[in-house]
Amino acid sequence: MVASSAAWMQAAEKPNVLFIAVDDLRVELGCYGDTVVKSPNIDKLASRGLLFEQAYCQQAVCNPSRASMLTGLGLDTLQIHDLPTHFRERVPDVVTLPQHFMQSGYETRDVGKIFHNWIQVEYKGDAASWSVPAVMHFNSHGNDKPLVEGKLPRNLSEVPRTEMMDVPDEAYFDGRIAQLAVEAMNEVKDEPFFLAVGFWKPHAPFNPPKKYWDLYERSEIELAMNRDQPTNVPGIAMHDGREILRGFKDRPDGRPTLEEERALRHGYYAATSFVDAQIGKVLDELDRLKLRESTLVVFWSDHGFHLGEKTLWAKTSNFELDARVPMIISLPGQTEAMRTSAIVELLDVYPTLVDLCGLEQPASGLEGVSLRPLFEDPAGSVQAAALTQHCRPAYPKPGEAPEAMGYSIRTPRFRYTEWRDYEDGSVIATELYDHENDPQEMKNVIGSKLGKREQPKLRALLDQTRSRQ
């Protein structure tokens with residue numbers, strides 16, 4: 001029998017929080033049942049935490065997802081759907097998750113990418129959230145080039161958007177972030193802390209050190225399942241995959257060859273193992289300092305990713321592979337593995353940590369729900385559906401309203417999506433995927449007998465879910 005959350009948290013009194021973020025991570029980890037990806041450190045965390053099997057982001061692109069999670073506000077409230085707009089331009093006085101902990105007596109630190117990397121604007125993170133200035137928190141992913149003494153070794157991968165060099169972990173951002181996070185933990189170990197550690201991988205380019213590529217045999221890496229577009233899918237649901245496909249513009253069809261697809265997947269898996277190793281260094285230091293008994297650990301990704309499924313690459317859709325994220329919460333001193341299939345959102349993390357750590361609710365209000373009941377009853381539920389939304393165009397110009405918004409809810413059985421005109425709210429297109437019979441979302445059944453029966457209920461649930469955010 002798993003001890004109650006009250007027992008764990010009472011034993012910790014004022015628990016520390018180790019808040020670990022990763023970028024673009026699919027739910028492809030050993031602890032989620034994947035047999036290809038090597039993720040021993042995240043798997044170890046899952047062996048002493050609550051693993052959320054059905055956690056979803058608010059939007060499958062970095063800035064909106066992180067802004068929503070870290071402010072506790074839904075995207076219709078924030079009105080953020082692009083990369084450059086900072087949330088304080090929309091809600092200047094909002095109290096962020098780390099800021100609320102700081103105001104509650106915690107030392108808050110940021111090492112790495114937690115808020116979006118607004119390199120092009122004055123904010124460069126969010127100074128109001130941290131007790132001391134953040135480090136390695138803003139930059140461009142394209143600037144994550146290896147730094148070594150002497151001459152760089154040869155790049156052993158010729159595939160665009162990949163790089164394979166025999167260099168130390170610390171040559172890249174994430175290796176240095178792990179080092180700095182260990183140093184920060186030692187600096188704050190004697191006081192209540194909220195230490196946020198944000199890793200930049202496995203975001204493209206896929207350029208982990210060679211030893212992580214060597215964990216996988218190229219010949220054993222399979223191509224994506226279901227590489228065709230879904231049947232009856234509306235065009236607005238798809239996108240151009242520019243983040244990856246821009247590297248293949250010189251190809252006759254603008255797309256990678258099958259062998260290049262295999263190399264891209266290889267690079268992504270290697271990058272996942274690379275970031276897993278860096279997470280392991282941070283968690284090992286937590287154990288070495290004997291802080292596990294007093295520290296709550298949160299692990300999450302800002303959204304998922306496509307690697308050729310449905311013809312798609314990267315993110316910016318409402319499909320399951322983009323919307324679903326890995327998430328684990330380990331209570332102080334927890335020694336038992338727990339799993340829940342309850343539908344949850346990243347939006348729920350802020351109220352959950354406030355609840356678990358016994359803090360007062362922030363004055364600005366929160367739009368998610370506490371997940372604490374799931375520690376008492378992992379088989380229970382906290383909400384009927386998770387809301388993910390994405391606009392079109394996928395990357396609207398700063399300051400310009402989108403042309404359309406796709407609102408998508410995930411229930412235990414269905415994914416239901418409505419694409420609506422952004423100005424007048426009229427419905428442009430609808431999608432319904434039956435996960436009981438079609439877990440890969442390859443057939444839009446909105447026009448079927450099942451679709452006609454379920455759509456009125458799902459439309460009402462969509463409106464209800466939107467109304468609480």
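This short presentation covers one helix, two pockets, the cysteines and one leucine of the structure above.

Good morning. Please keep in mind throughout that the structure is a predicted model.

I shall begin with helix α7, which runs over residues 173-188. How far apart are the end C-alpha atoms of this helix? They are 22 Å apart, and this agrees with expectation, because 16 residues at 1.5 Å a residue should span 22 Å. Many residues of α7 are buried, and I will name them by kind of position along the helix. Towards the beginning of the list stand Phe173, Asp174, Gly175, Arg176, Ile177 and Ala178, each of them buried. The list of buried residues continues with Ala181, Val182, Ala184, Met185 and Val188. What covers these residues? The cover includes the strands β1 (16-23), β3 (107-112) and β4 (193-202), together with helix α10 (258-288).

Helix α10 appears again in my second topic, the pockets. The largest pocket holds about 660 Å³ of space. Its lining is made of 23 residues, and those closest to the centre are Arg26, Glu28, Met225, Leu321 and Gln440. Two elements, α10 and α11 (320-323), each give two or more residues to this lining. By character, the lining of the largest pocket consists of 11 charged, nine nonpolar and three polar residues.

The second largest pocket has a volume of about 440 Å³. Here, too, 23 residues form the lining, and closest to the centre lie Leu83, His116, His141, His203 and Glu243. The lining of this second largest pocket divides into eight nonpolar, eight polar and seven charged residues.

My third topic is the cysteines. How many disulfides are counted in this model? The count is zero. Let us consider why cysteine 31 has no bond to its closest cysteine neighbour. The closest cysteine sulfur belongs to cysteine 57 and is 18 Å away, which is too far for a bond. Since buried means under 20% relative accessible area, cysteine 31 counts as buried at 11%. Cysteine 57 is likewise in no disulfide, as the nearest cysteine sulfur, in cysteine 62, is 11 Å away. Is cysteine 57 buried or exposed? Cysteine 57 is buried, with a relative accessible area of 0%.

Finally, I turn to leucine 296, which is placed in strand β5 (residues 295-301). Leucine 296 has a relative accessible area of 0% and is therefore buried. Between leucine 296 and arginine 251 there are 48 Å in space, from C-alpha to C-alpha, and the two are 45 residues apart in sequence.

Thank you for your attention.

Note on methods
Residues are numbered from 1 along each chain as its sequence is written. This is a predicted model: local features need pLDDT of at least 70, side-chain atom pairs count only at pLDDT 80 or more; totals for chains, interfaces and linings use all residues. Side-chain values use heavy atoms; hydrogens and water are left out. Helices (H or I, at least four residues) and strands (E, at least two) are DSSP runs, numbered from the N terminus. The expected span of a helix is 1.5 Å times one less than its number of residues. Buried means under 20% relative accessible area, exposed over 50%, partly exposed in between (1.4 Å probe, protein chains only). Contact means heavy atoms within 4.5 Å. On a 1 Å grid over the protein atoms alone, a cavity is a set of points where a 1.4 Å probe fits but cannot get out, and a pocket is an open set with protein on both sides within 12 Å along at least five of seven lines; lining residues have an atom within 4 Å of a point. Grid points are joined across faces, edges and corners, and a volume is the space filled by probe spheres set on the points. Ala, Val, Leu, Ile, Met, Phe, Trp, Tyr, Cys and Pro count as nonpolar, Asp, Glu, Lys and Arg as charged, and the others, Gly among them, as polar. A disulfide is a pair of cysteine sulfur atoms within 2.5 Å.
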